[in-house]
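Visitor: Before we look at individual residues, I would like to know what each label rests on. Please give the cut-off, then the value, then the conclusion.

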Amino acid sequence: MGRLDNKVAMITGGAMGIGEADALLFSKEGAKVVITDIDAIQGKKVVDAIRNDGSEAMFIKLNVAKEEEWDNAISETIKTYGKINILVNNAGVSLGKNIEQTTLAEWNNVMDINSKGVFLGTKNAIIAMKENGENCSIINRSSIDGQVGEPDLAAYCASKGAVTILTKAAALHCGKKGYKIRVNSVHPGYVHTSLTEKEASDSGLSDDEYFSNVGKLHPIGYIGRPMDIAYGDLYLASDESIFVTGSELTIDGGWTAQ
């Protein structure tokens, strides 16, 4: 307890999955949590859960691909809590198609949310964080597919590869400028969330068949849970990771070790 005391954390895609796990865990560790998502109903349920547990939280509706909505989200956070110390760029979508199947419209949608959304979040967070004089952390949600390719996830792989290298460029920029801002990427393996449920649907398999098949591809023998990733995010969000920037934290059950 208390690993994030006196910190304000914004989490995109915080209404469900890994984002929800982050929100619940960060609040238990002392952070004031700002949950953003396009799903206001589910997002407010997470806020209620946090408040019922005695912690502070608020919800802001945010489409991460729209710059004006980022301006509003950052402004509302600072207006309410006075600062922002942590941003988790978690919002994302998947598309289970190979390069021949992928339409330009589908490509643009995946890149808008997974890559442009992370760019806008990282840029706006740096601008908001750089003057507060406190240790700050930006955590960008990449993927094992930002490190290795998969044939049936062409646009997704491209979008997550962009996140991986953008993170390093932003980390180097902050270091060069002397900002007290760390920027790192987190690379989950397959985790049971709505994204992987969509991939199951795209594959034509039932959830049970899909997760059983994919679980066997991880040397550890099963797929992850959202909280498995949230604990890695917590480390990067906390001052325990003060010497970590521009890094890739891989939490994948051994997938990329093969």
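Guide: Exposure comes first: a residue is buried under 20% relative accessible area, exposed over 50% and partly exposed in between (1.4 Å probe, protein chains only). The model is predicted, so local features need pLDDT of at least 70 and side-chain atom pairs pLDDT 80 or more, while totals for chains, interfaces and linings use all residues. Residues are numbered from 1 along each chain as its sequence is written, and side-chain values use heavy atoms, with hydrogens and water left out.

Visitor: Why is Glu 248 called partly exposed?

Guide: Its relative accessible area is 34%. That value falls between the two bounds, so the middle class applies. Lys 168 gets the same label, with 25%.

Visitor: What makes Glu 248 and Lys 168 a salt bridge?

Guide: The term requires a side-chain nitrogen of Lys or Arg within 4 Å of a carboxyl oxygen of Asp or Glu. Here the N to O distance is 3.0 Å, so the pair qualifies. The two residues belong to distant parts of the chain, 80 residues apart: Glu 248 is in strand β7 and Lys 168 in helix α5 (residues 154–177).

Visitor: How do you know where such helices and strands begin and end?

Guide: They are DSSP runs, numbered from the N terminus: helices are H or I with at least four residues, strands are E with at least two.

Visitor: How many salt bridges are there in the structure?

Guide: The count is 10. One of them joins Arg 3 and Glu 240 at 2.7 Å, N to O. Arg 3 lies in the segment before β1 (8–12) and Glu 240 in the loop between α8 (226–237) and β7 (248–251), so this bridge ties together parts 237 residues apart in sequence. Arg 3 has 30% relative accessibility and is partly exposed; Glu 240, with 45%, is also partly exposed.

Visitor: How far apart are the closest N and O atoms of Asp 112 and Lys 116?

Guide: They are 3.6 Å apart, and the pair forms a salt bridge. Both residues lie in helix α4 (residues 104–129), with their positions 4 residues apart in the numbering, about one turn of the helix. Asp 112 is partly exposed at 30%, and Lys 116 is partly exposed at 35%. Elsewhere, Asp 22, Arg 141 and Asp 233 are linked in a network of salt bridges.

Visitor: What makes Thr 122 buried?

Guide: Thr 122, in helix α4, has a relative accessible area of 3%. That is under the lower bound, so the residue is buried.

Visitor: Which side chains does the side chain of Thr 122 meet in polar contacts?

Guide: A polar contact is a pair of N or O atoms within 3.5 Å; within protein, one must be able to donate a hydrogen and the other to accept it, and residues adjacent in sequence count only if both atoms are side-chain atoms. Thr 122 meets Asn 89 at 3.3 Å and Asn 140 at 3.4 Å. Contact in general means heavy atoms within 4.5 Å. Residues up to four places away aside, Thr 122 touches Leu 87, Asn 89, Ile 138, Asn 140 and Ala 170.

Visitor: Is Ser 137 buried or exposed?

Guide: Ser 137 is in strand β5 (residues 136–141) and counts as buried at 1%. Residues it touches include Met 129, Arg 182 and Leu 236.

Visitor: Why is Asn 6 called exposed?

Guide: Its relative accessibility is 61%, which is over the upper bound, so the label follows. Asn 6 lies in the segment before β1. Its phi is near 70°, a positive value in a residue other than glycine. Most residues other than glycine have a negative phi.

Visitor: Which domains is the protein divided into?

Guide: There are domain 1 (8–189 + 226–249) and domain 2 (191–223); such bounds come from an automatic or database domain assignment. Their contact takes 13 residues from domain 1 and 9 residues from domain 2. The C-alpha centres of the two domains lie 23 Å apart.

Visitor: How many salt bridges are counted between domain 1 and domain 2?

Guide: The count is 0, and 1 residue pair is in polar contact, both at pLDDT 80 or more. On the side of domain 1 that touches domain 2, α1 (17–28) and α8 each supply at least two residues.
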